[in-house]
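The following exercises concern the structure displayed below. Each task is followed by a solution that proceeds step by step.

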Amino acid sequence: MKLLISETSVKKFFNKENVDKGKLGKAIEDLAVSYFRKPSIICDITSLYTNGQYMLLIMTSEYLEFDFESKLMSFIKKFIDIPVLVIITRVEGCNDD
């Protein structure tokens with residue numbers, strides 16, 4: 001998986017002591033988008049932070065392989081040391097203009 005920035009740079013950022021763990025939502029969303037082979041199938045993506053963990057909600061226009069969520073969680077875990085639950089759902093017509 002090719003990231004827009006280096007993996008080392010991302011890990012250094014997330015390992016900083018002064019990073020507010022509740023303000024990583026945008027970075028988590030960006031990591032998730034970079035994991036998709038076809039980011040154009042993403043209709044909406046949002047992250048929620050509560051009780052020390054994130055929930056990443058993704059709506060797509062196509063079905064994904066059954067273990068895609070767990071693979072994405074593992075990918076994100078390489079960079080962020082807090083729990084991120086990934087939920088992906090297909091929504092018919094969500095990319096229609």
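**Exercise 1. In this predicted model, determine which residue forms a salt bridge with aspartate 67, and which residues the shared partners join into one network.**

Step 1. Aspartate 67 forms a salt bridge with lysine 71, and the closest N and O atoms are 3.5 Å apart. The cut-off for such a contact is 4 Å between a side-chain nitrogen of Lys or Arg and a carboxyl oxygen of Asp or Glu, so the pair qualifies.

Step 2. Lysine 71 also meets the side chain of glutamate 65 in a salt bridge, at 3.0 Å from N to O.

Step 3. The accessibility of the participants is then read. Aspartate 67 has a relative accessible area of 21%, lysine 71 has 36%, and glutamate 65 has 39%. Partly exposed residues lie between the limits of 20% and 50%; hence aspartate 67, lysine 71 and glutamate 65 are each described as partly exposed.

Result. Salt bridges with shared partners join Glu65, Asp67 and Lys71 into one network.

**Exercise 2. Describe the salt bridge of lysine 26 and state how the two partners are placed in helix α2.**

Step 1. The partner of lysine 26 is aspartate 30, with 3.0 Å between the closest N and O atoms.

Step 2. The two residues are 4 positions apart in helix α2, so about one helical turn separates lysine 26 from aspartate 30.

Step 3. Lysine 26 is exposed, at 55% relative accessible area, whereas aspartate 30 is partly exposed, at 40%.

Result. The lysine 26 to aspartate 30 bridge lies within helix α2. A search of the whole structure finds 4 salt bridges.

**Exercise 3. Classify the ring pair of tyrosine 35 and phenylalanine 75, and find which parts of the chain it ties together.**

Step 1. The structure holds 5 aromatic pairs. In the pair of tyrosine 35 and phenylalanine 75, the ring centres are 4.9 Å apart and the planes stand at 35°. Planes under 30 degrees apart would count as stacked and planes over 60 as edge-to-face; the pair is therefore tilted.

Step 2. Tyrosine 35 belongs to helix α2 (residues 25–35) and phenylalanine 75 to helix α3 (residues 68–77), so the pair ties together parts that are 40 residues apart in sequence.

Step 3. Both rings belong to buried residues: tyrosine 35 has a relative accessible area of 14%, and phenylalanine 75 has 7%.

Step 4. Phenylalanine 75 forms a further aromatic pair with phenylalanine 79, edge-to-face, with 5.3 Å from centre to centre and 75° between the planes. Phenylalanine 79 is buried as well, at 3% relative accessibility.

Result. One aromatic cluster is formed by Tyr35, Phe36, Phe68, Phe75 and Phe79.

**Exercise 4. State how many helices and strands the chain has, and in what pattern they follow along the sequence.**

Step 1. The chain has 3 helices and 3 strands.

Step 2. Along the sequence, these elements follow the pattern α-α-β-β-α-β.

Step 3. Among the contacts with a separation of 6 or more, 59% are accounted for by residues 24 or more positions apart.

Step 4. Of the 97 residues of the chain, 32% count as buried. The accessible surface comes to about 6500 Å², and carbon and sulfur atoms hold 52% of this area.

Result. The chain thus reads α-α-β-β-α-β, with 3 helices and 3 strands.

Note on methods
Residues numbered from 1 in each chain as written. Predicted model: local features only at pLDDT ≥ 70, side-chain atom pairs only at ≥ 80, totals over all residues. Heavy atoms only, no water. Buried < 20%, exposed > 50% of the residue type's maximum accessible area, 1.4 Å probe, protein only. Contact = heavy atoms within 4.5 Å. Areas by Shrake-Rupley, 256 points an atom, 1.4 Å probe, with all protein chains shown as cover. Phe/Tyr/Trp six-rings, centres within 6.5 Å; stacked < 30°, edge-to-face > 60°.
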